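Work through the exercises below with the sequence and the model side by side, and try each task before you read its solution.

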Amino acid sequence: MSEKTWLIPKPVGQVLGRLPGFPGSMMFVTALNLALAKQLNADVTQMLIGKKLRLCVLDAQWTFDFAWRNSRFVACQNAGAADLTISASAHDFVKLARRQEDPDTLFFNRRLTMEGDTELGLLVKNTIDAIELPVMNLEPFRPQHVMAQARAHFKSMLSNLKPR
């Protein structure tokens, strides 16, 4: 029996889809750089140079455009076609990141699509499969944790502003 795929409700996705894409792409590449950039082999990064990649989170109606430049991923403006577009639901991307699902299974179940440069698509897939990633820990992103960190940060900033 297969697990039910959770989808972001359509009205929420419509609202999210109206947000500008570039700030989201910047946050996405920041995470990519922290998690992957240093683990990529030189032959992989050489093939990424000059290629525009696009990640589409279908149910959230989010699109992240990015490329590899100067030894890191950089956000791109959403202009024109991408060399490779990878699309899936938010739930399926989280399952991929947590290694709870493999891309081949999602692809053959038509829950993950890759369009564009097939050689680049295979490179990306094989690279992700080969990298030893820790299981994604979402705990630091829980609202309570984020708010506690923000409070501590602002409290520290305020204490540094007080005259001594």
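**Exercise 1: the order of elements**

Along the sequence, the elements of the protein chain follow the pattern α-α-α-β-β-β-β-α-α-β-α-α, where helices (H or I, at least four residues) and strands (E, at least two) are DSSP runs numbered from the N terminus. This is a predicted model, in which local features need pLDDT of at least 70 and side-chain atom pairs count only at pLDDT 80 or more, while totals for chains, interfaces and linings use all residues. Residues are numbered from 1 along each chain as its sequence is written, and side-chain values use heavy atoms, with hydrogens and water left out.

Task: state how many helices and strands there are in the protein chain.

Solution: the protein chain holds seven helices and five strands.

**Exercise 2: the sheet**

Task: find the order in which the five strands form the open sheet, and name its edge strands.

Solution: begin with the order, which is E3-E2-E1-E4-E5, with mixed pairing; two strands pair if DSSP finds at least two bridges between them. Next, strand E3 (72-75) and strand E5 (112-116) are the edge strands, since each pairs on one side only. From one strand to the next, the twist averages 25 degrees.

**Exercise 3: one strand pair and its helix**

Task: describe how strand E4 (residues 84-88) is joined to E5, and which helix packs on the sheet.

Solution: E4 and E5 run antiparallel and are joined by five bridges, and Leu84 has Gly116 in E5 as its bridge partner. Helix H6 (residues 118-130) then packs on the sheet, touching strand E1 (52-57), E4 and E5, where contact means heavy atoms within 4.5 Å.

Note on methods. Axes fitted to C-alpha atoms, helices over the stretch in contact; angles between N-to-C directions.
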